[in-house]
Amino acid sequence: MKALAALAGAAFTVGACYALGSVVAARLGARLRRGEKFPLAFVLGAAVLHLAVFAVLALKIAYKPVLLSLLAACVAAALRTGDWRLPAAEDASQERPLPAGIRYLFGVIATAFTVLYLFNAWAPEISPDGSSYHLGLVARYLRTRGFERITTNMLASFSEGVEMLYVPAFAIGRHSAAALLHFAFLIALALAVLAYGKRIGKPLAGAAAALLVYLSPVVGIDGTTAYTDVAAAAIVFSVFYWTQLWDENRDNRILIAIGLLAGYCYAAKYTAFVMIVYAAG
């Protein structure tokens, strides 16, 4: 039951992020392709949802029913508007598809590592920082139903943008739910790299780059624990991706997504503040 609760906590939070991001992207008039909608909508939704969780903690109403209601409201909004649906597949004549042999080879490799990563993320969370610092503060916030004054831990002064998403996942499935949620960011990062390769007409380069990221040992270890580094990388790449989308048609509504994500970079990891400068440039 604990294992199922961990999976449910991660899945519910991932679903809420994707749903919320889909609603926001649709309102901004973003024309996302089928392969890029999940990673871009998921990370954009995370940028918005973490603010809502922050508000819940600031109001000291972080009870489990409140957090569940917040996630359910995000999913319900996307279902009601129909924004959760993936776009229709692109016209094959407008894309340069991967050769069948390479596609199957890459698919087999990615599937094998996904299974490996899934069970490592699903296992008990024993990483030093994840189990002590990242989730230690999350557990403390949930015990006190919100933020409290902490003067004995310098790490509590960080912005904790990714940890805000760990709050509802942890409330449902405890430590492993947070690690599984971080694994979702790793999947989103790889899918976004793959989708960008297709968008610029270089699917082989995109697939190779996605695998190089996905299969890197340090990325696999970090991305299957309750750390925040891979999530920060996914957010950074999303800022780059959304600026490229804006540059295609100069629709200024897209700047809202870029602003949300650039700010989320700083909230996720202080050193990622450079993406605010990049986006402005």
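Helices in this tour are DSSP runs of at least four residues, numbered from the N terminus. The structure is a predicted model.

**First stop: the loop after H9**

Select Arg250, which lies in the loop between helix H9 (229–249) and helix H10 (254–268). Its phi is near 55°, a positive value in a residue other than glycine. Most residues other than glycine have a negative phi. The turn to positive phi comes just after H9.

**Second stop: helix H9**

Step back from Arg250 into H9 and display its C-alpha trace. The helix has 21 residues, and at 1.5 Å a residue these should span 30 Å; the end C-alpha atoms are 31 Å apart, which agrees. Next, colour the buried residues of H9, among them Val230, Ile235, Phe237, Tyr241, Trp242 and Leu245. What do the buried residues of H9 pack against? Their partners are helix H1 (2–27), H2, H6, helix H8 (217–223), H10 and helix H11 (274–280).

**Third stop: the nonpolar core**

Keep Trp242 selected and add Phe42 and Leu49. These three have the most contacts inside the largest nonpolar core, a set of 85 residues. Which helix supplies the largest share of this core? That helix is H6, with 24 residues.

Centre the view on Phe42 and show its surroundings. Leaving aside residues up to four places away in sequence, Phe42 touches Val14, Cys17, Tyr18 and Lys37, together with Leu181, Ala184, Phe185 and Ala188.

**Fourth stop: two cysteines**

Cys17, one of the contacts of Phe42, leads to the next selection. Cys17 counts as buried, at 0% relative accessibility. Now add Cys74, which also counts as buried, at 8% relative accessibility. A disulfide is taken here as a pair of cysteine sulfur atoms within 2.5 Å, and by this rule the count comes to zero disulfides. Cys17 is in no disulfide, and the nearest cysteine sulfur to it is that of Cys74, 7.8 Å away. Seen from Cys74, the closest cysteine sulfur is in Cys17, and the separation of 7.8 Å is too far for a bond.

**Fifth stop: the loop between H2 and H3**

Select Lys60, found in the loop between helix H2 (34–58) and helix H3 (64–81). Lys60 has a positive phi of about 60° although it is not a glycine. Is Lys60 buried or partly exposed? With a relative accessible area of 39%, Lys60 is partly exposed.

**Sixth stop: Ser176 in H6**

Move to helix H6 (residues 161–199) and pick Ser176 within it. Ser176 is buried, with a relative accessible area of 10%. A polar atom of its side chain lies 3.5 Å from the backbone oxygen of Trp122. Apart from residues up to four places away in sequence, Ser176 touches Ala6 as well as Ala121, Trp122, Ala123, Pro124 and Glu125.

**Seventh stop: helix H7**

Select residues 203–214, which form helix H7. Its 12 residues, at 1.5 Å a residue, should span 16 Å; the end C-alpha atoms are 16 Å apart, in agreement with that value. Colour Pro203, Gly206, Ala207, Ala210, Leu211 and Tyr214, which are buried. They cover an arc of only 130° around the axis, which puts them on the same side of H7. Show helix H4 (100–122) and H6 as well, since the buried residues of H7 pack against both.

**Eighth stop: Ser127 and the approach to H5**

Select Ser127, in the loop between H4 and helix H5 (128–143). Ser127 is buried, with a relative accessible area of 7%. Its contacts, not counting residues up to four places away in sequence, are Ser132, Thr225, Ala226 and Tyr227.

**Last stop: Val138 in H5**

Continue into H5 and select Val138. Val138 counts as buried, at 0% relative accessibility. Display its contacts with Glu163, Tyr166, Val167 and Phe170, a list that leaves out residues up to four places away in sequence. Finally, draw a distance from Val138 to Tyr264. How far apart are Val138 and Tyr264 in space? They are 18 Å apart, C-alpha to C-alpha, and 126 residues apart in sequence.

Conventions. Residues numbered from 1 in each chain as written. Predicted model: local features only at pLDDT ≥ 70, side-chain atom pairs only at ≥ 80, totals over all residues. Heavy atoms only, no water. Helix = DSSP H or I, 4+ residues; strand = E, 2+ residues; numbered from the N terminus. Buried < 20%, exposed > 50% of the residue type's maximum accessible area, 1.4 Å probe, protein only. Polar contact = N/O pair within 3.5 Å; in protein donor to acceptor, adjacent residues only side chain to side chain. Contact = heavy atoms within 4.5 Å. Expected span 1.5 Å × (residues − 1). Arc of directions from axis to C-beta. Core = buried A, V, L, I, M, F, W, Y, C linked by side-chain atoms within 4.5 Å.
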